[in-house]
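Student: I would like to go through this structure by question and answer. Please show it, and then we start with the strands.

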Amino acid sequence: MTQLKLYTTVKKILTNRAFIFFGLLLVLILLGGYYSANYQNHLQYPNTAVILKNYPTGETVSVTGSVIQVYNNSFLLTDAYHRNVVYYKVYSTQKVSVGDQVEVLGVLGNSYRINASKIQSVSTFDYKFLLQRSFIALLIFLFFFRRYWRFDFRKMEFRRLK
Amino acid sequence: MPDWVTHIVVAWTLCRILSFKFKEFNAANTLIVITGALIPDIFKIVIILQFIGIDATDYFEILHIPTGSVIVAGMLSLFFPERKKAFLFLGLGVLTHYVLDSSLEHVSGGMYLFFPLNWLQWQLELTTSSDYMITLIALLIAGMVYIIGREVDRRRAIIPHD
């Protein structure tokens, strides 16, 4: 009888919505912590975070950032990691413009100079257009979602309308 | 990421096609699938945090990894009346998101599809995030499915079955 009562109580706790929610949240936080603590060791090429910790001169690196100035055969790229702003001088013949979002793969030299072997850039217009159409799509989605589902704060649950 | 138009449209198209065979893929449940398709991009909250001077990218990156997204889907499903069904619909949406994101090209790396089991990075290098041809193709296919769907519904109304 006592065993049955214990079993029912444990089952009740385990199937409790709040218990499952916070359990999953805890797993998510732990996984997030594990990821942030280890991902730098598994990167294909060092990024800005690794470069700031241990400057790997002569190694191939992969960095991302915004173009802030363009010169002949080079451009200035800015990236940041935890408020540490880095300015890379990237040597490449690929055409980029100020404001472009750029991914660079190349060999890191002294004083944050990179000889690029591969570059991918997204123009300011393309990036802003992507954000704008995504925002509009989100508004349309929310409009339709509200037509079919409404959140019941008393039950803490979505209620189907149609 | 492909833009949210593509994510939403692909999820909707898939659900509309499945609705020809399965009644569960109605409008209300389609909206749950679309919600799932947007879950990994909750990660974009880091952009807002960066505006107020907080760089939490390392910690929030887990949301844009399949394991993290599935956990969030599990948490969200707790707020729907039929939890198991909601979880499956949200999971389907998450799956469409990663299929689309895997097609993106980066200069290095890719997505940690099997984190935390292994740190292998995957990318198919088919398109770039700013390529709106993908969006146009997705919209075109969705338009065709919409027209076919209307015809199917019309025929079903004339000749009801099961």
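Tutor: Two ground rules first. This is a predicted model, in which local features need pLDDT of at least 70 and side-chain atom pairs count only at pLDDT 80 or more, while totals for chains, interfaces and linings use all residues. Residues are numbered from 1 along each chain as its sequence is written, chains are lettered from A and ligands numbered from 1 in the order in which they are written, and side-chain values use heavy atoms, with hydrogens and water left out.

Student: Which residue in E4(A) stands opposite Thr60(A)?

Tutor: Strands are DSSP runs of E with at least two residues, and helices are runs of H or I with at least four, numbered from the N terminus. Strand E1 (residues 60–71) of chain A runs antiparallel to strand E4 (residues 101–108) of chain A, and 7 bridges join them. Opposite Thr60(A) stands Val107(A).

Student: In what order do the 5 strands of the closed barrel in chain A run?

Tutor: Two strands pair if DSSP finds at least two bridges between them. In this barrel the pairing is mixed. The order is E1-E2-E3-E5-E4.

Student: What is the average twist from one strand to the next?

Tutor: Axes are lines fitted to C-alpha atoms, for helices over the stretch in contact, and angles run from 0 to 180 degrees between N-to-C directions. From one strand to the next, the twist averages 50°.

Student: Which element gives the largest share of the largest nonpolar core?

Tutor: A nonpolar core is a set of buried Ala, Val, Leu, Ile, Met, Phe, Trp, Tyr and Cys residues joined through side-chain atoms within 4.5 Å. The largest one has 49 residues; among those touching the most other members are Phe145(A), Trp149(A) and Phe80(B). Elements that give two or more residues include helix H4 (124–148) of chain A and helix H6 (83–102) of chain B. The largest share, 7 residues, comes from H2(B).

Student: Which chain A residues does Phe80(B) contact?

Tutor: Contact means heavy atoms within 4.5 Å. Neighbours within four places in sequence are left aside. Within chain B, that leaves Ile32(B) and Ala86(B). From chain A come Phe145(A), Trp149(A), Glu157(A) and Phe158(A).

Student: What is the area buried between chain A and chain B?

Tutor: Buried area is the accessible area (1.4 Å probe) that two parts lose on being put together, summed over both. The contact takes 52 residues from chain A and 50 residues from chain B. Carbon and sulfur atoms give 68% of the area, which is about 4,700 Å².

Student: Why does the salt bridge of Lys118(A) and Glu105(B) join two chains?

Tutor: A salt bridge puts a side-chain nitrogen of Lys or Arg within 4 Å of a carboxyl oxygen of Asp or Glu. Here the closest N and O atoms are 3.8 Å apart. Lys118(A) lies in strand E5 (residues 113–122) of chain A, and Glu105(B) in the loop between H6 and H7 of chain B, so the pair joins two chains.

Student: Is Arg16(B) buried or exposed?

Tutor: Buried means under 20% relative accessible area, exposed over 50%, partly exposed in between (1.4 Å probe, protein chains only). Arg16(B) forms a salt bridge with Asp153(B), with closest N and O atoms 2.7 Å apart. Asp153(B) is partly exposed at 38%. At 17%, Arg16(B) is buried.
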